[in-house]
Amino acid sequence: MNYFVKGNPMLCIGCRTCMVACVVAHEGPSIFTMHPDDADFQPRIKVVKTKTMTKTVQCHQCENAPCAAVCPTGALYKEAHHIAFENEQCIGCKQCMMACPFGAITMAAPDEKGRRVAHKCDLCTSTAEGAPACVSHCPTEALTFYTEDVQQQSLTDKQVRSVRAASRVAGKEGV
Amino acid sequence: MEQGYKTVRTVCPYCGAGCHIALTVDTVHNRIVKATGANGRTNEGRLCLKGYYGWDYLTDPQLLTKRLRYPMIRKGGKGSPLERVSWEEAIQYTAERLQAIIKEYGPDAVMGAGSARGPGNEAGYITQKFMRACIGTNNVDHCARICHAASVTGLRASIGEGAMSVSVPEIEDAEVIFNIGYNAATSHPIVARRVVKAKAKGAKIICVDPQITETARIADIHLQIKGGTNLALLNAMAYTMIEEGLVDEAFVKAHTEGFEDYAKALGGYAPEAMASIIGVPAEMIRRAARLFASSKHTVTLWGMGITQFAQGVDSVIACSNLSLLTGNYGHRATGVGPVRGQNNVQGTCDMGVLPDVYPGYQRVDDPKARAKFEKAWGVTLPATPGLPLTLVPEKILRETDPKKQIHAYYIVGEDPAQSDPDLTEIREALSACDFVVIQDIFMNKTAEFADVVLPATAWGEHDAVYSSCDRGFQRVRKAIEPVGEAWPDWKIQCAVATAMGYPMSYTSTQEIWDEMRSLSPKFYGATYEKMEALGGVQWPCVDPSMEDRGTEYLHEGGTFATENGKGRLLFAPYKPVHEEVDSEYPLSLCTVREVGHYSVRTMTGNCRMLSKLEDEPGWIAMNPADCKRLGITTGDLVYVHSRRGKTITRCLATERAKEGATYMTYQWWVGACNELTIGMLDPKSRTPEYKYCAVRVEAIADQAAAEAKVSEYYERLRTRMGITVNDKNAKATAKTDTAGAANGTMATAHAKAAMATTQAKAAMATAVTMNPAKEREVRSL
């Protein structure tokens, strides 16, 4: 199964450290020494606030990813554990952006050659961090990186909880 | 570690959370390359965006302003350009001017402001020693006056000690959190971490705030009060506790005094009588009171939403009253937390950079304390408290007796021309002051009025001790060599003192620290060695032996720091805010803060990533209904007017703001909300009423022209700060995204931003130097 990052709105304080962490991870340490205007600031995760919710929006690495399905050039495709993106293949048609139900795919700013391509979370596989920087940098631990193990553990926890709830209903708590 | 790199463990320079940071330093290029969280007591390895990405200002990228590298003097007097001089000349000149003013008008004609930011406690100690022992006045103060002075004054009256009684780690073990006028998510993300953790562990949260903050969003009870009614609410809650028998009678009897009078005075504060004033139903107020009283682990947290009102002190006392009534003092995970904003504002109070106390909160009007300091410093000291800094404009502009005026203002690491209320008046005062000295790391708005500008070392360039918000002394370490000719703040003031004939000389910060400890019983046990060994020491710590590891929470067992050990239940009646809205100014304005920016923004405004996340001119958050009435949407530039001034900012339509209420962050230089705020002061703490004034928002028809003007003004500001602006680094102010914006109408904002960027860039004007006195005209752009 694909890995993915998910935020918990009960722990999220909307500080956007994740967004900066994303940029820094993908741009590398030179971002702090280059001319300030040369640094691109294009986070692949976004904090969205409504009246009573604060939550991150990022790629879910869908199993049946609509972005990959609609991509006419194969620039988006399934890798071992995520939906990968091949920059060179992208023709900038924006089909993926339209197809993604979460708004997690955006279009990157033009590169030096003026090319514009799709822009999405790669779980930091392309970065020196190796694992999602948004997760490791979140001050409140509101973001979780759901690897296979974490997904399994989360399921197990919920299953045990539901059985406990059932025993309470049956009046056998503690039995 | 790779060759040419080293790791330096220190404490973050932003906010009072006191997070430990491990810096990776490139020693060849003399720069920090990375920051990671270290395992500190308060942060447990976690940092927020400012800690992780807020250090590249040290290398002077010149985004907003420029590092000061050498001393400068206006040789041709006021209005002439600043000229580079040697340290020797700068020190001599400063000393002579100060001496001349003292000779003519006396020492009380000099005012000193210390810094609650980078310099640290040793520099703070030197600042107040310089003012008291060398100048001969108690006229020394710092920015606590405009933030938590009300907490210090109020809590000292209530329980004898002005600091947080509870520690940051204890917050997550609270059963009830009473959060009033405090937005931890934007002020202290690492404290907010404890709040959300407490919630996850089952704590109930009561949040009192006119806007829907992140804490309000997860609260069990959110009292969305009308701004400025804190005291009405707190009194109504106390009334409920007494009426419904929720009072811890044993605690009140054993540990407090004044209950009878207090209870009687509360007579008129039934929630039913106050509900219409407060703007929330009476039953909700009663429910909040019941929940507060339901636990002995109720922690009260407050911030500027309590203190920055003309009734700040009274509201602080009223908060403390609730804890006294319910027995919520004196054990773990209970009590009060006035959470300090700046990294060392607690420390600057600890060091006595206040007009009424010496280091360790020993009063200047206590003859015994004074005699001790007179002996140690070898001088006669003034016996009466000095001037709070918020009274400086009055003492310059409206005092008619020249002998009673302030003629010299020595400002260390502050920028009153950005941070203080009613900026028009501040600029007039600074212009009219005979002699202004600025000692800072950056060129700033106040420096434009300075006669002398002295370059100091920044956080990262010197050793120091900071006090975290919960009384924790922690070591701060030098990571890189300073820029240019900058000196540590303490060294500069020692040199000026010596030139004035009062020799002050130290070889290290530890030497200063040890002198301070020897005079301050509460801090005597907090040695450098102990801080090193334990990572930090929370005061009181009285014994230098390792047995005394400091104090996690105050008032153990309900013994308070008052003379008789009892907490005082003190009543104060609610009074409405000073400037209510009316037909001419129909919206209320409350100043708030931006999470990625800090204080007057000289530091974070020069950090690449933090500036990319949010930049000028900032936002005015308003309810969509108010926006609709004005015909404005998210992203629009708007003018905001008050009786005192006018500024330009961007509309942010959000349901998190109540109808009729608006919010602006005080960090912005272009969209400077202190052009609007009111200089109305709390009579006891002299803290300004930043949190409430009346404003009017005006839509701008020609958005393109407004965008161009904002960009032009930004460039002018940068030029005035000494930056050479060219096309390459001309800054576009337009927002390209409203990601953090609450409920933003994204599509519109995008379209506007795209248009604005293009036009702003096209209209980028050649930089023009400007006389600061013309600031007012430019303001009317």
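These legends walk through several close-up views of a predicted model with chains A and B.

**View 1. Chain A on its own.** Let's start with chain A, which has five helices and eight strands. Reading from the N terminus, its elements go β-α-β-β-α-β-β-α-β-β-α-β-α. The C-alpha atoms fill a box of roughly 70 × 35 × 35 Å along the principal axes. Of its 175 residues, 35% count as buried. If you take the contacts in chain A with a separation of 6 or more, 60% of them come from residues 24 or more positions apart.

**View 2. Where chain A meets chain B.** Here 29 residues of chain A are in contact with 37 residues of chain B. Which elements of chain A give two or more residues to this side? They are helix 1 (17-27) and strand 2 (46-49). Helix 1 of chain A gives the most, with six residues. Sort the residues on chain A's side by character and you get 17 nonpolar, seven polar and five charged.

**View 3. Two domains of chain B in touch.** The domain assignment splits chain B into domain 1 (5-59), domain 2 (72-143 + 343-514), domain 3 (149-338) and domain 4 (587-779). Notice that domain 2 is written as two stretches, 72-143 and 343-514. In this view, 20 residues of domain 2 of chain B are in contact with 23 residues of domain 4 of chain B. On the domain 2 side, helix 18 (416-419) and helix 19 (423-432) of chain B are the elements that give two or more residues. Helix 19 of chain B has the largest share, five residues. The domain 2 side is made up of seven nonpolar, six polar and seven charged residues.

**View 4. A seven-strand sheet in chain B.** This open sheet has the strand order 5-4-18-17-16-6-7 and mixed pairing. Why do strand 5 (83-84) and strand 7 (140-141) of chain B each have one side without a neighbour in the sheet? Both stand at the edges with a single partner strand, so there is no neighbouring strand on one side of each. Further in, strand 6 (residues 110-113) and strand 16 of chain B pair in the parallel sense over four bridges. One spot to find is Ala113(B), whose bridge partner in strand 16 of chain B is Ile411(B). Helix 2 of chain B packs on the sheet, where it touches strand 4 (72-73), strand 6, strand 16, strand 17 and strand 18 of chain B. The direction of helix 2 of chain B makes about 135° with that of strand 18 of chain B.

**View 5. Helix 20 of chain B, mostly covered.** How many of the eleven residues in helix 20 (residues 489-499) of chain B are buried? Eight are, including Trp490(B), Ile492(B), Cys494(B) and Val496(B). The charged-looking end of the list is worth a glance too: Asp489(B) is buried. The buried residues of this helix pack against several elements of chain B, among them helix 2 (87-105), helix 3 (121-135) and helix 21 (509-519). They also pack against strand 16 (408-412), strand 17 (435-440) and strand 18 (452-455) of chain B. After helix 20 of chain B comes Gly501(B), with a positive phi near 95°.

**View 6. Inside the largest nonpolar core.** This core has 294 residues, and those touching the most other members are Cys134(A), Ile177(B), Ile206(B), Leu233(B), Met237(B) and Ile620(B). Helix 8 (residues 230-243) of chain B supplies the largest share, ten residues. Now zoom in on Ile620(B). Leaving aside residues up to four places away in sequence, Ile620(B) touches Val638(B), Val640(B), Thr649(B), Cys651(B), Leu652(B), Thr662(B), Met664(B) and Val697(B).

**View 7. Backbone details in the loops of chain B.** The peptide bond from Trp539(B) to Pro540(B) is cis, with omega near 0°. Look for Pro540(B) in the loop between strand 21 (537-538) and strand 22 (567-568) of chain B. The bond from Glu616(B) to Pro617(B) is also cis, with omega near 0°, and Pro617(B) is in the loop between helix 23 (608-613) and strand 24 (619-622) of chain B. Asn30(B) isn't a glycine, but its phi is positive, near 55°. Asn30(B) sits in the loop between strand 2 (20-26) and strand 3 (31-37) of chain B. Glu44(B), in the loop between strand 3 and helix 1 (49-53) of chain B, has a positive phi of about 45°.

Notes
Residues numbered from 1 in each chain as written. Chains lettered and ligands numbered in written order. Predicted model: local features only at pLDDT ≥ 70, side-chain atom pairs only at ≥ 80, totals over all residues. Domains from an automatic or database assignment. Contact = placed C-beta atoms within 7 Å. Nonpolar A, V, L, I, M, F, W, Y, C, P; charged D, E, K, R; others polar. Buried ≥ 20, exposed ≤ 12 C-beta atoms within 10 Å, placed from the backbone. Pairing = 2+ DSSP bridges. Axes fitted to C-alpha atoms, helices over the stretch in contact; angles between N-to-C directions. Core = buried A, V, L, I, M, F, W, Y, C linked by C-beta atoms within 7 Å.
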